[in-house]
Amino acid sequence: MTLDPEYNFELRKLEARGVYWSLAAQVRAPVCDGGFALAQDEHGYWLAPPGCRQVSWTVDTPVVQDGEFDVSSQASRLLLKAEWALLSEPSSLLRLVNGSTGHDTLRAGDAHTSVLGATPAAQGHWQLPASDSAPEFFIVGTPRIEPRQVGDFSVRYVADDWPRVGRLELLSAHEKALRYLGEVVYGAAEVPENARSLMVVWVGIDAQHGRAGGAAGERSFLANYVIGDAANARHHRAATFMILAHEQFHQLANARRGQLPALPAWVNESLAQYYGLRAMHRAIDDEVAVARLTQRFIAPSRPVEHRFAEIEALFASDRPRALELAYHQGAAFWSELDRTLQMVSGGKTTLDQYIPGLLQMTFPEDGRLPDAFLAQLREWKDPRVEHVISDYL
Ligand SMILES: [Zn+2]
């Protein structure tokens, strides 16, 4: 890490910012200008003293066997099967505390190393996110890259095992999901130039781990796909697509919000879940698997257990429970609202038309929906819409 010489007379604090969202830091033994070891203060910040120009460190990157990597851990790993390493920016890169503006870049340190990211910057550099942005992921090594143009988006696909990814038809499923979700998130608005370049990384996980994970970054995202357990392959495949689309929605919604404050967690997670299911439906044609998975999350007859403001508060104290409520009750709310809008409009209006506007709104801090959004819904002056609002909100 080359420090900005303009601030060379100051003490600078460095950290792996993922520790704020409970990631284990993978930074080991940082040193200044190839010489002395950096000290760490009582808050865990590494201290670069005045005059220090360059900080270097080791990224502790454990090796994982095929099928053993749950990518939702957002950790750097060396994938034995793929012979490349996933580099997780939030856990592995030291950044200036609160000082990373989004102008920082990453490049390989020598000619023998290859680094791949989502957004190219000048001369072999890749864009690093600002300190208040979503994480970013990089590949170190030389994977086979599948480039695709999907509407406005240029996507680089990377996989740990292309034949497996090919058999599951993940590439075409993702293209369909991205096309649809891009329309939902941006509507008629143009996708900004700096949001058009994406990287998708696929990693197989063995069915015995019970679930496939995902992690949405600023412009990159990671998705597990399930391997093994051939008897239930069609259901694993549907779940893989749902997770893929869920993460893709997060990535697009993050980019769409840009500098606006983050969405309330329940809104972010429930919209990602609802549109993850919708996109899965469009991407695969296996009615049985799609219906079974959808019903697991969306059951309008299930009693409404909590107000969304309560669920929002729960994210701080019991995140797993809050997520479960957002995935089920939250997704059911959007589904009911969507169904009702289609009903009252005679099929002319869907929830999709409200999403680009909703993603640009300011949200109250207590987890309620913006008054401006509720006012839009109430323009229908229809008791069925009121019913959904009062049932869930
Ligand atoms: Zn999510």
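This report describes a sheet, a surface patch and a zinc site in the structure above, which is a predicted model.

**The sheet**

Four strands, in the order β3-β4-β1-β9, make up an open sheet whose pairing is antiparallel. At its edges stand β3 (39–40) and β9 (95–96), each of which pairs on one side only. Between β1, which covers residues 12–15, and β9 the antiparallel pairing runs over two bridges, and Leu-14 has Leu-96 in β9 as its bridge partner.

**The surface patch**

Val-19, Tyr-20 and Trp-21 together make a nonpolar surface patch of about 300 Å². Trp-21 is placed in the loop between β1 and β2, the latter being residues 27–32. With a relative accessible area of 33%, Trp-21 counts as partly exposed, because that term covers values between the 20% limit for buried residues and the 50% limit for exposed ones.

**The zinc site**

The zinc ion is coordinated at 2.1 Å by two histidines and a glutamate, namely His-246, His-250 and Glu-269, and the donor atoms are listed here.

| Donor residue | Donor atom | Metal |
|---|---|---|
| His-246 | NE2 | zinc ion |
| His-250 | NE2 | zinc ion |
| Glu-269 | OE | zinc ion |

Along the sequence, these donor residues follow the spacing H-x3-H-x18-E. His-246 belongs to helix α4 (residues 233–257) and Glu-269 to helix α5 (residues 265–283), so this pair ties together parts that lie 23 residues apart in sequence. Are these two residues, His-246 and Glu-269, buried or exposed? Both His-246 and Glu-269 are buried, which means that each has under 20% relative accessible area.

Key: Residues are numbered from 1 along each chain as its sequence is written. This is a predicted model: local features need pLDDT of at least 70, side-chain atom pairs count only at pLDDT 80 or more; totals for chains, interfaces and linings use all residues. Side-chain values use heavy atoms; hydrogens and water are left out. Two strands pair if DSSP finds at least two bridges between them. Patches are made of residues with over 30% relative accessible area and no salt bridge: like charges are joined within 9 Å, nonpolar side chains (Val, Leu, Ile, Met, Phe, Trp, Tyr) within 5 Å. Accessible areas come from the Shrake-Rupley method with a 1.4 Å probe; for residues, only the protein chains shown count as cover. A salt bridge is a side-chain nitrogen of Lys or Arg within 4 Å of a carboxyl oxygen of Asp or Glu. Buried means under 20% relative accessible area, exposed over 50%, partly exposed in between (1.4 Å probe, protein chains only). Donors are N, O and S atoms within 2.8 Å of the metal (3.2 Å for Na, K and Ca); water is not among the atoms, so sites may look incomplete.
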